[in-house]
Amino acid sequence: MTQRIPVVENILNANDRLAEENRARLDAAGVFAVNIMASPGAGKTSLIEQTLPHLADLARVAVVDGDIATSIDADRAAAAGAQAAIQINTGGECHLDAVMLHGALNQLDLTHFDLLIVENVGNLVCPASFKLGTHKSILVASVPEGDDKPYKYPGMYRGVDALVVNKIDLLPYINFRMDFFTSGVQALNPNLITFPLSCRTGEGIDAWIDWLIQNVKRKT
Ligand code: MG
Ligand code: ZN
């Protein structure tokens, strides 16, 4: 008789326990934390770059960037005004997990920050399965990716607390049916708060900033 060992389940349980520990550390320091997820190129780093100047006098921000290689994104976050920017190179892993964030938190004095922005590795599949301990999960979708993504990656859309639809300045040039996209989102995650915006032109960014600031204030 064969015995099946639920390896994946055990890994996820261990991850969830450490995510709870991360959350406790963030809460103890009064830091509100978001986990930003998206496919590569949707505009996670651009969103962070556009967001940081709006928070300059309102919140002390640390950014943790996950990428398979390079420190390009952390360098961009630091240049845009993050008080601390830590790059995690996953060495091939296509998502961040709670262990990696735990390591990054060890490098920060959390009492110096109000907001922690975590930029996950660009991927629309596994980041949804690995809790980090952050308070809110944010998905960045973008117009050039196409309007069918909620239908193709339901797991990602189901688990998030807010949705940013980036690159709306490209709507006139791309066959992106907003109603079809929105129907797919609503079926998976009814009443999901959604911010259509353009990181390039700045259109729509204020509503996103307001939401973020409200959440930071609630936490501190
Ligand atoms: Mg990036
Ligand atoms: Zn992965």
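## A loop residue with positive phi

T70 is placed in the loop that runs between strand β2 (61-67) and helix α3 (72-79). The model described here is a predicted one, and in it T70 has a positive phi of about 75° although it is not a glycine. With a relative accessibility of 42%, T70 counts as partly exposed.

K167 is another residue with this kind of backbone angle, having a positive phi of about 65° although it is not a glycine. The position of K167 is in the loop between β6 and α7, and at 23% relative accessibility K167 counts as partly exposed.

## A buried aspartate in the loop between β6 and α7

The loop between β6 (162-166) and α7 also holds D169, which, unlike the partly exposed K167, is buried, with a relative accessible area of 15%. Where the cut-off for burial is set at under 20% relative accessible area, the value of 15% for D169 is therefore on the buried side.

The side chain of D169 makes a polar contact with the side chain of R200, at a distance of 2.9 Å. When the neighbours within four places in sequence are left aside, D169 is in contact with S198, R200 and T201, so that R200 appears both in this list of contacts and as the partner in the polar contact.

## Aromatic pairs and the helix α7

A search of the whole structure finds 6 aromatic pairs. One of them joins Y151 and F180, whose ring centres are 4.5 Å apart and whose planes meet at 20°, so the pair is stacked; the reasoning rests on the rule that planes under 30 degrees apart count as stacked. This pair links distant parts of the chain, since Y151 belongs to helix α5 (residues 149-152) and F180 to helix α7 (residues 178-188), with their positions 29 residues apart in sequence. Both rings belong to partly exposed residues, Y151 having a relative accessibility of 40% and F180 a relative accessible area of 30%.

A further pair is formed by Y157 and F181, with ring centres 6.2 Å apart and planes at 80°, so this pair is edge-to-face. It too links distant parts of the chain, with Y157 in helix α6 (residues 154-158) and F181 in helix α7, 24 residues apart. Y157 and F181 are both buried, and together with F176 they form one aromatic cluster. The ring of F180 has a charged neighbour as well, for the charged end of R177 sits over that ring at 4.3 Å from its centre.

## The largest pocket

Which elements give two or more residues to the lining of the largest pocket? The largest pocket holds about 300 Å³ of space, and 21 residues line it, those closest to its centre being A128, F130, K131, L132 and S137. The elements that give two or more residues to this lining are α1 (7-29), β1 (32-38), β5 (136-142) and α6, and among these α1 gives the most, with 4 residues.

## K131 and A98

K131, one of the residues closest to the centre of the largest pocket, lies in the loop between β4 (115-119) and β5. K131 is exposed, with a relative accessible area of 53%, and the relevant cut-off is that exposed means over 50%. Leaving aside its neighbours within four places in sequence, K131 is in contact with N15, D16, A19 and A98. The C-alpha atoms of K131 and P40 are separated by 20 Å, while the two residues are 91 residues apart along the chain.

Is A98, a contact partner of K131, buried or exposed? A98 is buried, with a relative accessible area of 0%, and its place is in helix α4 (residues 98-105). Apart from neighbours within four places in sequence, A98 is in contact with N15, L18, A19, N22, K131 and L132, so that N15 and A19 are found in the contact list of A98 as well as in that of K131. From A98 to L139 the separation is 41 residues in sequence and 18 Å in space, taken from C-alpha to C-alpha.

Note on methods: Residues numbered from 1 in each chain as written. Chains lettered and ligands numbered in written order. Predicted model: local features only at pLDDT ≥ 70, side-chain atom pairs only at ≥ 80, totals over all residues. Heavy atoms only, no water. Phe/Tyr/Trp six-rings, centres within 6.5 Å; stacked < 30°, edge-to-face > 60°. Buried < 20%, exposed > 50% of the residue type's maximum accessible area, 1.4 Å probe, protein only. Lys NZ or Arg CZ within 6 Å of the ring centre and 35° of its normal. Polar contact = N/O pair within 3.5 Å; in protein donor to acceptor, adjacent residues only side chain to side chain. Contact = heavy atoms within 4.5 Å. 1 Å grid on protein atoms, 1.4 Å probe; cavity = no way out; pocket = protein on both sides within 12 Å on 5 of 7 lines; lining within 4 Å. Points joined across faces, edges and corners; volume = space filled by probe spheres on them.
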